[in-house]
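Here are some worked exercises on a two-chain model. Have a go at each task before you read its solution.

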Amino acid sequence: MPELEALRSTWEPRGVRFIALSLEPDPERVRRGAKEFGVTMPIAIADGEVLAPLKVRQVPSTVFIDAQGVIRMTASGEHDRRFFERRLKQLTAEER
Amino acid sequence: MVSQWDEVTTRRRKAHAAFPDHHTGRLALVLALDGFAYLGANGVVQQALLGLPEWGTGATIAGPMRSPAVASPRLWPLLTVLSLSAACDVYDRPNERVPQHFQSTMVADGSRLDASVLVGAPTVLALWVPK
């Protein structure tokens with residue numbers, strides 16, 4: 001998550017949205033956790049099952065969705081900034 | 001007293017690559033970030049380890065080189081594949097539309113985040129659970 005936060009300033013101006021999707025249903029705990037964890041991107045709370053619909057099996061995971069609403073890539077676990085940058089380049093290149 | 005392990009470990013720190021050890025007659029071969037193996041002078045694997053231990057681990061082992069933990073040269077292809085796979089990006093490509101039953105709620109304003117909202121701009125969803 002910190003790696004994605006760092007990439008927001010570069011990729012949001014290029015039209016990419018970043019959303020932290022919490023599996024914790026309590027908004028107060030989510031806000032507190034976001035503050036502790038340094039999450040500043042928009043936060044959503046999952047309603048019901050989201051792992052299977054988003055084609056991931058574990059948390060944390062990152063899901064890359066194109067502008068047509070198609071899940072292009074999913075990555076499980078933590079990754080470094082260069083990994084996310086490669087995926088973002090791939091995602092935006094496939095848009096063209 | 002400086003053991004063979006001390007020597008090999010010290011040299012490995014300096015080289016980080018394949019190099020001959022003239023004092024011991026052995027060759028330490030670093031396998032692409034993910035393991036290393038010690039070869040005897042005759043080219044037979046003396047010891048191969050997966051995953052790089054903390055620096056200095058070898059130095060704590062005194063005396064002559066121990067019996068091999070993984071010693072078969074038949075394992076070389078496996079070690080090579082594992083080493084190469086560690087250097088690759090691992091991710092899935094589902095290429096499937098976000099299903100209609102995916103539902104979530106934005107914390108800031110309580111608005112819906114569903115498949116229809118995810119159309120229009122590329123989106124990165126970071127799934128997490130606050131501690």
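**Exercise 1: Lay out the parts**

Chain B has 2 helices and 8 strands, where helices (H or I, at least four residues) and strands (E, at least two) are DSSP runs numbered from the N terminus. Before going on, some housekeeping: this is a predicted model, in which local features need pLDDT of at least 70, side-chain atom pairs count only at pLDDT 80 or more, and totals for chains, interfaces and linings use all residues. Residues are numbered from 1 along each chain as its sequence is written, while chains are lettered from A and ligands numbered from 1 in the order in which they are written.

Task: write down the order of the elements in chain B and in chain A.

Solution.
- Step 1. Start chain B at the N terminus and you read α-β-β-β-β-α-β-β-β-β.
- Step 2. Chain A holds 3 helices and 4 strands, and its elements go α-β-α-β-β-β-α from the N terminus.
- Step 3. Now look at burial. A residue is buried if 20 or more other C-beta atoms lie within 10 Å of its own, exposed if 12 or fewer, and partly exposed in between, with C-beta atoms placed from the backbone. In chain A, 32% of the 96 residues are buried; in chain B, 19% of the 131 residues are.

**Exercise 2: Decide how far to trust chain B**

Task: find which element of chain B has the lowest mean pLDDT and which has the highest.

Solution.
- Step 1. Begin with the whole chain: pLDDT is the predictor's confidence in each residue, from 0 to 100. Chain B has a mean of 66, with 45% of its residues reaching 70 or more.
- Step 2. Go through its elements. Strand β2(B), residues 26-31, has the lowest mean at 43, and β6(B) has the highest at 96.
- Step 3. Check the weak stretches. Residues 15-34 of chain B have pLDDT below 50, with 50 contacts in the model beyond near neighbours in sequence; two residues are in contact if their C-beta atoms, placed from the backbone, lie within 7 Å.
- Step 4. Residues 52-63 of chain B also stay under 50, and here the model has 12 contacts beyond four places in sequence.
- Step 5. Finish with the model's scores: ipTM is 0.95 and pTM is 0.64.

**Exercise 3: Trace the shared sheet**

Task: what is the order of the strands in the open sheet of 8 strands?

Solution.
- Step 1. Two strands pair if DSSP finds at least two bridges between them. Follow the pairs and you get β5(B)-β4(A)-β3(A)-β8(B)-β1(A)-β2(A)-β6(B)-β7(B), with mixed pairing.
- Step 2. Mark the edges: β5(B) and β7(B) (112-114) each pair on one side only.
- Step 3. At one joint between chains, β4(A) runs antiparallel to β5(B) (residues 96-97) over 2 bridges, and I71(A) is opposite E96(B).
- Step 4. At another, 3 bridges link β2(A) to β6(B) (residues 103-106) in the antiparallel sense. A44(A) sits opposite M106(B) there.
- Step 5. Within chain A, β3(A) and β4(A) are antiparallel with 5 bridges, and I65(A) has I71(A) as its bridge partner. The two strands make a hairpin with 4 residues between them, and G69(A) in the turn has a positive phi of about 80 degrees.

**Exercise 4: Find the core and the contact**

Task: which element gives the most residues to the largest nonpolar core?

Solution.
- Step 1. A nonpolar core is a set of buried Ala, Val, Leu, Ile, Met, Phe, Trp, Tyr and Cys residues joined through C-beta atoms within 7 Å. The largest one has 33 residues, and L21(A), V63(A), L125(B) and A126(B) have the most contacts inside it.
- Step 2. The elements giving two or more residues are α1, β1, β2, β3, β4 and α3 of chain A, plus β8 (123-128) of chain B.
- Step 3. β8(B) comes out on top, with 5 residues.
- Step 4. Zoom in on V63(A): leaving out residues up to four places away in sequence, its neighbours by contact include L54(A), I71(A), L125(B) and L127(B).
- Step 5. Now count the contact between the chains: 55 residues come from chain A and 34 residues from chain B. On the chain A side, α2(A) gives the largest share, 8 residues.

**Exercise 5: Place one arginine**

Task: is R31(A) buried, partly exposed or exposed?

Solution.
- Step 1. Locate R31(A) in helix α2 of chain A.
- Step 2. Count its surroundings: R31(A) has 16 other C-beta atoms within 10 Å, so it is partly exposed.
- Step 3. Compare sequence and space: R31(A) and I43(A) are 12 residues apart in sequence, and 8.7 Å apart in space from C-alpha to C-alpha.
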